[in-house]
Amino acid sequence: MSAAAPIRPARFAGSWYPGDPAELRAELEAAAAAPDAAPARALVLPHAGYRFSLATAAAAVAQVEVPRTVVVLCPNHTVPPPIVALWSRGSWETPLGSIPIDEARCAALLEACPWIVADTEAHVREHAIELILPLLQSRRDDLRLIPLVVAEPRFERLEALAAGLAQVLADDPSALLIASSDMSHFHDAPEARRRDERALERLLAFDPRGLLQRCLDEDISMCGVRPTTAVLLAARARGASRVELVRYSHSGEVSGDHERVVGYASCVVR
């Protein structure tokens, strides 16, 4: 890796999650369940501050064998659509250490999908990948990362992205795809659950097109519905056949405010 390779710092450490490595490890260990881990094709994980969503995310991560290669797709909280932006060189930092970019596979993905933008700016202020990484590092310390911001509204382009990912991962059957997404935003708790159940119905039916369309038609503010759609498509192309809901929660369970909540769900795709 050249000296000029870009490094993504741990921008949200110390605010959204602990910045001290020992404190962070202790919090991750306390949140982790201990079921028998098994291989999986993909995960859907929430990305809120750890106070709110760590238990939900950790419950799913604990159920899978974390491989060396991880591909994390997140939504666009800080950049306008349409864009699919790949941080293609260098490394990402967390309090638990540095994660190198899988530069060879990133180059192959850019070749397979030439409309993807090799861009760091879309990632600099985005939290939705960074919050996922320490959970993976707590399970494996030699990760290689392929990080993508996915703000592409067209289903056909999400299909093309999924096909590109399946192509570049064809020689690594253990590679894990992750969609970073919260569920509905800022409804009261009963309405949030109603909307989230509508989205989860399509997600658990392994219906990526139906999930995207339902969120659009019914105004369900699942922020990572596009990354999730692409991950489901890619997981299916790589042999996955089912989606399992691990845990559902919402922010009011922590804050006590049930009038304006954010929903969280974690799923395993096998």
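This report describes helix α9 and strand β12 with its pairing partners in a predicted model.

Residues are numbered from 1 along each chain as its sequence is written, and side-chain values use heavy atoms, with hydrogens and water left out. Because the model is predicted, local features need pLDDT of at least 70 and side-chain atom pairs count only at pLDDT 80 or more, whereas totals for chains, interfaces and linings use all residues.

Helix α9 covers residues 225-237 (helices being DSSP runs of H or I with at least four residues, strands runs of E with at least two, both numbered from the N terminus). Its 13 residues reach 18 Å from the first C-alpha to the last, close to the 18 Å expected at 1.5 Å a residue, where the expected span is 1.5 Å times one less than the number of residues. Of these 13 residues, 10 are buried, so α9 is largely enclosed by the rest of the structure; here buried means under 20% relative accessible area, exposed over 50%, and partly exposed in between, with a 1.4 Å probe and protein chains only. The buried residues include V225, P227 and L232. After α9 comes G239, with a positive phi near 105°.

Strand β12 (residues 261-269) has 9 of its 9 residues buried, so β12 too is largely enclosed by the rest of the structure. Its two faces are both covered, with V261, G263, A265, C267 and V269 buried on one side and V262, Y264, S266 and V268 on the other.

Pairing, which requires that DSSP find at least two bridges between two strands, links β12 to the strands below.

| Strand | Sense with β12 | Bridges |
|---|---|---|
| β2 (residues 42-45) | antiparallel | 3 bridges |
| β10 (residues 185-187) | antiparallel | 2 bridges |
| β11 (residues 243-250) | antiparallel | 7 bridges |

Within β12, V268 stands opposite L43, V261 opposite H187, and A265 is the bridge partner of Y248.
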